[in-house]
Amino acid sequence: VAWPTEGSVGARLKTFLDRHPAAREILAGARCKEGDVHWRKHLAYRSRVIAGNGFVLVGDAAGFLDPFYSPGMDWLSFTTFSGVELALAGLKGEDVSERVIRHNATFARSYDRWFEAVYEGKYAYLGDFELMRMAFVLDLGLYYLGVVSQPFKFGPKAFLQPVFSTPPSVPVFHLMRAYNRRLAAIADSRRARGTFGRRNDQSRFLFGGFSLDPGSARPIVTALSRWIRLELTEGWRTWLRRPPIHAAPAAVTASPQSPSMPPPPTTSPGAEAKARGAAA
């Protein structure tokens, strides 16, 4: 994209957004407050300070999750919906200090759990058809039943509760993190024994998909039974081994001099990318 070079930052932002027909229609009567529009570059992959005094981060600015399952639009929906509620309360003159603290804690926890449950160690078994099929059915099925279903059940207010931020979702987080780590450990064992990808040849996975119907739980149950069988026939080799550590991208925290604003990342984008690749 080409960022406009003429006018104030606010005018350039409006010009840029107006290039999209939907944004142009939505923002037809919008006017930027002079001096209230800022821009930054070299954003970190994640931040512990997602909201503060007069600002709230949304979408990739609030945190960049691994693109494997394309979670960006989900993350954008949760951060934007909650961010708008927070901003409107502040504009009404309400004291939002406690809400800002909860907002930062909730979304930082959501990011951490989302990474650990789905993406941590995923690339260790990405090339093994049998292991990846098992994870795909479980990941996608639990996503539909636990995330996609919520707005249909409770309406837009469901977007105020990001992934893995509610008590009922905690057991699911532990389940997903458990099978994901176990599949990664089994993949490492298979590599060491020369059996990684042993069933890849001429294998393909044709799947009808999930819906919000309760019957969509059947593939999840089947996949869980296959995982248990895999543990008993093969996974026992790694039960006593310490699992490898795949750390989440380091978070940017607030500086003591300016607690409401996150400082720039301490590493270059190239170094961040290398660290992210190492974590994956």
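Here are legends for a handful of close-up views of this predicted model.

**View 1. The whole chain, from end to end.**
Let's start with the big picture: the chain's secondary structure adds up to eight helices and two strands. Going along the sequence, you'd read the pattern as α-α-β-β-α-α-α-α-α-α. The chain has 280 residues, and 38% of them count as buried. If you look at contacts with a separation of 6 or more, 74% of them come from residues 24 or more positions apart.

**View 2. Leu17 and its neighbours.**
Zoom in on Leu17, which sits in helix H1 (residues 9-17). Is Leu17 partly exposed or buried? Leu17 counts as partly exposed because its relative accessible area is 31%, and partly exposed lies between the 20% and 50% limits. Leaving aside residues up to four places away in sequence, Leu17 touches Ala23, Arg24 and Leu27. For Leu17 and Leu27, the C-alpha to C-alpha distance is 8.3 Å, with their positions 10 residues apart in sequence.

**View 3. Helix H4 crossing helix H6.**
Two packed helices are described by the angle between their axes and the distance between the axes. Here, H4 (residues 97-119) and H6 (residues 170-193) have axes that come within 7 Å and cross at roughly 40 degrees. So H4 is oblique to H6. The contact of H4 with H6 involves six nonpolar, one polar and four charged residues. On the H4 side, you'll find Arg113, Glu116, Ala117, Val118 and Tyr119. Their partners in H6 are Val170, Phe173, Met176, Arg177, Asn180 and Arg181.

**View 4. A walk along helix H6.**
H6 has 24 residues and reaches 35 Å from first C-alpha to last, close to the expected 34 Å. Which residues of H6 are buried? Among them are Phe173, Met176, Tyr179, Leu183, Ile186 and Arg190. The buried residues of H6 pack against H4, helix H5 (129-154) and helix H7 (217-233). Just after H6 comes Gly194, with a positive phi of about 75 degrees.

**View 5. The largest nonpolar core.**
In soluble globular proteins, nonpolar side chains tend to be buried together. In this model, the largest nonpolar core has 39 residues. Which ones touch the most other members? They are Trp75, Trp114, Tyr125, Leu131, Met176, Tyr179 and Leu183. Helix H3 (72-91), H4, H5, H6 and H7 each chip in at least two residues, and H5 gives the most, with eight. Now pick out Leu131: not counting residues up to four places away in sequence, Leu131 touches Tyr125, Leu183, Ile186, Ala187, Arg190 and Leu230. There's also a second, separate core of five residues, including Ala51, Leu86, Ala89 and Val96.

**View 6. Two loop residues with a positive phi.**
Most residues other than glycine have a negative phi, and most peptide bonds are trans. Ser70 isn't a glycine, yet its phi is positive, at about 55 degrees. You'll find Ser70 in the loop between strand S2 (55-56) and H3. Ser70 is exposed, with a relative accessible area of 55%. Gln202 also has a positive phi, near 60 degrees, in a residue other than glycine. Where is Gln202 placed? Look in the loop between H6 and H7. Gln202 is exposed, and its relative accessible area is 78%.

How values were computed:
Residues numbered from 1 in each chain as written. Predicted model: local features only at pLDDT ≥ 70, side-chain atom pairs only at ≥ 80, totals over all residues. Heavy atoms only, no water. Helix = DSSP H or I, 4+ residues; strand = E, 2+ residues; numbered from the N terminus. Buried < 20%, exposed > 50% of the residue type's maximum accessible area, 1.4 Å probe, protein only. Contact = heavy atoms within 4.5 Å. Axes fitted to C-alpha atoms, helices over the stretch in contact; angles between N-to-C directions. Parallel < 35°, antiparallel > 145°, perpendicular 65-115°, else oblique. Nonpolar A, V, L, I, M, F, W, Y, C, P; charged D, E, K, R; others polar. Expected span 1.5 Å × (residues − 1). Core = buried A, V, L, I, M, F, W, Y, C linked by side-chain atoms within 4.5 Å.
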